[in-house]
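Student: Could we go through this model together, with each term explained when it comes up?

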Amino acid sequence: MDHLQIISYTSLVEDLPLLVGLFISVLVYAAYRIWARHEAARARSSSLPAELPSEKARYASAKDRAPGEWLPVKFDYPRVEPSPAHFSALKPIPYRPFKWGDYHVTMGIKSMPWDEWIELDDEFAQTHRVCEYRIRTLGDRLVRVHPAQPGVVESGHAAAEECMYELAEYLSRRHPDVYRVARHPVSQREDENGWYGEGRIRTITIVPFQETYDLEKEEPLKVARSLIQEDFTIMVEGSDGRYYLQAGAVVIAGSWRLSDKIGMPLEDIHISGNVPQYKSKLQMSMDRFFRRMPLDRPVVRNNYSFQLVAEPSMRRPPPAPGSLLDVDPDELAWAVTMNGDEENAEYERARHISDQCGDSQPESGSRETQAQAQTHEETGSMFKLATVGCAVTPATLRLRTERQTLRRLPRTGAIVFTIRVYQTRLDELASEPGVPGRAASAIRSWPEDVARYKARGAYEGILPYLDQCHAEQVAKGIVGEEDRKSDYPF
């Protein structure tokens with residue numbers, strides 16, 4: 001035994017220089033990696049000129065840069081006029097983005113006035129409460145940065161941070177009585193400052209809510225989402241020329257989930273969502289638009305749907321205190337009445353459309369076909385109303401509209417897509433001059449694929465009510481029988 005111990009000790013002494021050398025090599029390599037990262041970051045920083053070039057000086061057109069390539073450029077956001085009124089005195093803008101006559105599938109974009117990037121109104125406080133609850137309870141399922149997809153697209157983190165600073169700059173100028181900011185001293189480097197050569201914003205406070213956010217310490221997406229009423233996604237161009245959803249704060253989408261779409265390219269987002277006529281009418285023009293979109297031409301578009309919302313007395317059991325439906329009885333965040341439980345792992349918008357509206361047709365004569373036929377006979381619709389469990393009345397049906405903006409960011413080149421949701425009860429909508437007749441015409445005009453997508457079968461029984469309201473407006477001389485005018489999207 002003593003002999004074996006002597007041999008073991010001798011071997012250890014002989015191997016000691018090798019072990020020490022290996023340990024030193026590991027330390028040297030680790031130190032080198034830290035130094036290399038530091039030098040690379042310093043090189044990237046020093047490669048940026050003190051004064052950034054403009055987009056046109058850097059890229060005369062989209063053809064002058066490779067897909068996925070973007071170097072920071074100088075861009076001065078046009079001067080923002082302060083809002084003439086406090087948000088508490090502003091009513092939600094009554095968007096009514098539907099028309100008389102035939103329905104057409106188009107991008108439907110128009111120029112966005114620079115003063116109107118973000119809209120505030122007297123629903124801000126309630127929306128803020130709902131969003132705070134959602135982020136606190138569901139966290140990164142709703143607010144998330146997707147990591148880089150190596151060889152394809154970068155992470156969305158840098159774009160998320162830039163978006164946060166851009167929103168803070170805009171909001172503090174558009175609503176100076178609502179948002180108060182504290183800034184760093186002005187830096188000699190232009191790329192380290194905020195708008196118009198002022199110091200970079202350090203903190204921003206929503207004065208009426210007495211909430212302050214530290215832009216350097218807190219999660220950029222959560223800060224950005226807490227400042228506004230809009231959801232937003234951030235699209236980053238990949239080396240293949242496609243735009244990927246690499247970051248987002250999707251808190252009140254109603255019928256889709258960020259966790260199902262994060263990391264997808266633009267076409268997969270729409271195809272997986274079963275967007276009608278996307279490939280034939282939208283994909284080519286959308287791909288071209290995203291690729292060519294310049295910094296100085298933000299756009300806005302509107303869309304709409306209808307949403308059934310069960311009245312509080314209908315809910316069995318009643319919502320528990322502190323639950324989502326207690327905080328958000330109008331189902332702004334998630335359309336529970338129509339879509340069921342958001343926690344259902346198998347929920348997908350495309351499957352929902354197919355299952356509820358008969359998009360997937362089984363073989364003729366099958367039991368499934370017979371069941372669908374029976375459902376149609378009982379309800380007058382291919383939508384299985386029994387699964388909704390809510391009577392369709394002017395009090396339970398909502399017009400749900402979205403105001404969407406798209407804007408390219410100057411530092412990262414990412415495109416920010418904002419989504420502001422508005423809800424209006426149908427009994428309120430039907431009292432507006434000319435609107436009930438126009439709404440009825442629009443609902444009837446949808447092609448079959450659009451009708452399935454918008455779940456028309458769930459609420460088409462409301463059409464006689466809209467027709468009656470229109471007839472009453474005609475009888476009272478409020479609108480003419482042949483009046484087909486509208487100030488779209490209002």
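**Confidence and overall make-up**

Tutor: The protein chain has a mean pLDDT of 84, and 79% of its residues reach 70 or more, where pLDDT is the predictor's confidence in each residue, from 0 to 100. This is a predicted model, in which local features need pLDDT of at least 70 and side-chain atom pairs count only at pLDDT 80 or more, while totals for chains, interfaces and linings use all residues. Residues are numbered from 1 along each chain as its sequence is written, and side-chain values use heavy atoms, with hydrogens and water left out.

Student: How many contacts beyond four places in sequence does the model have for residues 1–10?

Tutor: Contact means heavy atoms within 4.5 Å. Over residues 32–48 pLDDT stays under 50, and the model has four contacts beyond four places in sequence there. Over residues 1–10 pLDDT also stays under 50, and the number of such contacts is zero.

Student: What percentage of the 490 residues in the protein chain is buried?

Tutor: Buried means under 20% relative accessible area, exposed over 50%, and partly exposed in between, with a 1.4 Å probe and protein chains only. Of the 490 residues in the protein chain, the buried share is 44%.

**Helix 14 and its surroundings**

Student: Why is helix 14 described as largely enclosed by the rest of the structure?

Tutor: Helices (H or I, at least four residues) and strands (E, at least two) are DSSP runs, numbered from the N terminus. The cover over the buried residues of helix 14 includes strand 8 (299–308), helix 13 (426–429) and helix 16. Helix 14 is largely enclosed because the buried residues number nine of the 11.

Student: At roughly what angle do the axes of helix 14 and helix 16 cross?

Tutor: Axes are lines fitted to C-alpha atoms, for helices over the stretch in contact, and angles run from 0 to 180 degrees between N-to-C directions. Residues of helix 14 including V435, A439 and I443 meet residues of helix 16 including L463, L466 and H470. The axes of helix 14 (residues 435–445) and helix 16 (residues 463–475) come within 7 Å, and their crossing angle is roughly 145 degrees.

**A three-stranded sheet**

Student: Which strands stand at the edges of the open sheet in the order 3-4-5?

Tutor: Two strands pair if DSSP finds at least two bridges between them, and in this sheet of three strands the pairing is antiparallel. Each edge strand has a single partner strand, so one side is left without a neighbour in the sheet, and these are strand 3 (179–183) and strand 5 (211–214).
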